[in-house]
Each structure stands twice: as C-alpha cells, then as structure tokens.
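Visitor: I'd like a close look at a single part of this model, and then at whatever surrounds that part. Take your time and keep the threads joined up.

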Amino acid sequence: MFGAGGRVGRAAVAEARRRGHEVTAAGRADGEVTDPAAVARLAAGHDAAIVAVYDPGARPGEFFPAVARAVAQGLPAAGVKRLVSVGLASVLPTAAGDLLMDTPGYPQEWREFYAGHGAGTDALRAAAPDALDWVVLSPAGDFDHDGEPAGGYAVAPAAAGSRITPADFARALLDEIEVPALHRTHAGVAAV
Ligand SMILES: NC(=O)c1ccc[n+]([C@@H]2O[C@H](COP(=O)([O-])OP(=O)(O)OC[C@H]3O[C@@H](n4cnc5c(N)ncnc54)[C@H](OP(=O)(O)O)[C@@H]3O)[C@@H](O)[C@H]2O)c1
C-alpha cells in the first residue's frame, strides 16, 4: 500500500488486513513513489499494489504522471501484476457524458489539480506494459470522511453529489485486488 498513512490508505490497509492479507504499509519515508527503483524495492514479494498518494508540495501535472511512470516500471520489475490506483472523480464522465469538472456549478479553482490527476491516468495508460493489469478507481463524487459506511458500493458514473466513506471505498479497492473485474480503465465508485 503506497500512501498507507493517508486517509484512503489507512482505510485500505484496514480492509486488507480485515480480509487476512499481509500488507506492507508504505509511506514517503519508506521511499518516493515517483522513483521506479523505490517502488520495485517496496513491491518485491507482493501480489498486488494499491496507490493512494497526494503531495501538496508538488505540481500535480508533474507529480501524478511521475507516479504513474514509476509504478508502470517498478511494479512489473518486482513481478507485481495488479495495480489499483486511486484517481479523481473530476475527470470522470457523468451519465450525460460530460466530465464532472465541466458540469455547471463544479468548482473551477482546482482545475490544475484535476488536470494533473487526469494526466496521471493518461500516463499510466501510455506507460503500463501488458504485464501490469491496472485500474484507477475514484469516488463517483467525493469522500465522506465523517459519515457511517453504507456497507456496499457500485461502479457508477461521476455525480457531483455522490459521497462514499473511505471504508466503503476500500471494499472496492480490495475486491479489485481479489477478483479483478475492471482493466486499464478509470471508474467511479458510489456507496449503495
Ligand atoms: N473526489 C475524489 O475523487 C477524491 C477525493 C479525495 C482524494 N482523492 C484522491 O485520493 C488519493 C488519496 O487521498 P488521501 O486523502 O488519502 O491523501 P492524504 O491523506 O493526503 O495521503 C497522501 C499519502 O500520499 C503519500 N505521499 C505523498 N507524496 C509521496 C511520495 N512522493 N512518495 C510516497 N508517498 C507519498 C503520503 O505519505 P506520508 O504520509 O508518508 O507523507 C500520504 O500517506 C489522492 O490521489 C487524492 O487526490 C480523490
């Protein structure tokens, strides 16, 4: 788990351990996720990786593509075949087909961040070899960090009002590790 100390990472580690998986909880002090050699070193001996990272000190348009290129190189080098990465709802299409960030009323002041996250997924699509079966999941709207988990989730198009707790979202992350259903795509996850 890259980003294990973060809000999403903590929920994913807890869900993985609840299911009986052995997890390496990696934070920045263990190695930069933008460094392919560090990724390979940390990922060695693992079946799958989850990435949920955010660096407030980095330019999003540089950070997220650098993460994508590093995991696309480092994970296959370590023999890891499955990657579930956490993306951003803003660059997902709504049911009507528009990107969420282009819908009326959606906050525009963080557009550079949205685009940077999207560039990360584009970089993963371009750089990941066939040996790496990846999926990017994001909330269909946003996280609800204070609410009670609904207990279930569904893959869903982007919707501004959709909310999911990290605990419910973590179920989707772990299901995509255990029984991969989505491949080389970015999908939204909504609580049900
Ligand atoms: N609406 C949405 O779709 C939505 C909403 C919220 C978040 N997200 C996305 O979900 C992801 C996780 O968010 P979060 O809230 O869990 O983030 P967070 O709480 O800020 O945690 C970020 C984690 O990233 C790690 N990290 C940062 N830079 C790193 C680097 N260079 N190398 C290795 N690790 C690094 C940090 O490690 P340390 O703890 O060691 O510093 C931290 O554990 C982000 O990509 C975020 O943009 C999406």
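Guide: Let's settle one cut-off before anything else: a residue is called buried if 20 or more other C-beta atoms lie within 10 Å of its own, exposed if 12 or fewer, and partly exposed in between. Keep in mind, too, that this is a predicted model.

My pick is strand β7, residues 186-191. Five of the six residues of β7 pass the buried cut-off, so this strand is largely enclosed by the rest of the structure. What does β7 pair with? One partner is β3, which runs parallel to β7 and is joined to it by four bridges. Within that pairing, Leu137 sits opposite Ala187 of β7. Another partner is β5 (residues 153-156), paired with β7 in the antiparallel sense, again over four bridges. There, Ala156 has Gly188 of β7 as its bridge partner.

Now back up a little along the chain, to the loop between α5 and β7, where you'll find Arg184. Most residues other than glycine have a negative phi. Arg184 goes the other way, with a positive phi near 50°. Arg184 has 13 other C-beta atoms within 10 Å, which is why it counts as partly exposed. On the far side of that loop is α5 (residues 166-178), whose 13 residues should span 18 Å at 1.5 Å a residue; the end C-alpha atoms are indeed 18 Å apart. Helix α5 is mostly covered, with 11 of its 13 residues buried. That buried set takes in Asp168, Arg171 and Glu176 as well as, among others, Phe169, Leu173 and Ile177.

What else touches the strand we started from? Helix α4 does: its buried residues pack against β7, and also against α3, β2 (82-86) and β3. Those buried residues of α4 are Tyr114, Gly116, His117, Gly118, Gly120, Thr121 and Leu124. The helix itself, residues 111-127, has 17 residues and reaches 24 Å between its end C-alpha atoms, close to the 24 Å expected. Zoom in on Gly118, which lies in α4: with 23 other C-beta atoms within 10 Å, Gly118 is over the cut-off and so buried. For a sense of distance, Gly118 and Asp175 are 57 residues apart in sequence and 23 Å apart in space, C-alpha to C-alpha.

From α4 we can step across to α3 (residues 60-77), since the buried residues of α3 pack against α4, along with α2 (36-43), β1 and β2. The 18 residues of α3 should cover 26 Å at 1.5 Å a residue, and its end C-alpha atoms are 25 Å apart, which agrees. Its buried residues include Phe63, Phe64, Val67, Val71 and Leu75. Val67 is a nice junction: setting aside neighbours within four places in sequence, its contacts are Val33, Thr34, Val51, Val53 and Gly120. One of those, Gly120, belongs to the buried residues of α4.

Val51, another of the Val67 contacts, takes us to strand β1 (residues 48-51). In a regular strand the side chains alternate between the two faces of the sheet. In β1, Ala48 and Ile50 point one way and Ala49 and Val51 the other, all of them buried. β1 pairs in the parallel sense with β2 over four bridges, and Val51 stands opposite Ser85 there.

Which residues tie the nonpolar interior together? The largest nonpolar core has 62 residues, and those with the most contacts inside it are Ala12, Ala49, Val51, Val67, Val71 and Leu173. Its largest share, nine residues, comes from α3.

Just after α3 comes Gly79, with a positive phi near 85°, in the loop between α3 and β2. Gly79 has 13 C-beta neighbours inside 10 Å and is therefore partly exposed. Asp47 is 32 residues away in sequence but 7.9 Å away in space, C-alpha to C-alpha.

One last thread leads to the ligand. Of the 25 residues around it, Gly5, Gly6, Val8, Gly27 and Arg28 come nearest. Two or more shell residues each come from α1 (7-18), β3 (133-139) and β4 (142-143), with α1 giving the largest share, three. By class, that shell has 12 nonpolar, eight polar and five charged residues. And β3 brings us home, as it is the parallel partner of β7.

Notes: Residues are numbered from 1 along each chain as its sequence is written. This is a predicted model: local features need pLDDT of at least 70, side-chain atom pairs count only at pLDDT 80 or more; totals for chains, interfaces and linings use all residues. A residue is near a molecule or strand if its C-beta atom, placed from the backbone, lies within 6 Å of it. Ala, Val, Leu, Ile, Met, Phe, Trp, Tyr, Cys and Pro count as nonpolar, Asp, Glu, Lys and Arg as charged, and the others, Gly among them, as polar. A nonpolar core is a set of buried Ala, Val, Leu, Ile, Met, Phe, Trp, Tyr and Cys residues joined through C-beta atoms within 7 Å. Two residues are in contact if their C-beta atoms, placed from the backbone, lie within 7 Å. The expected span of a helix is 1.5 Å times one less than its number of residues. Two strands pair if DSSP finds at least two bridges between them.
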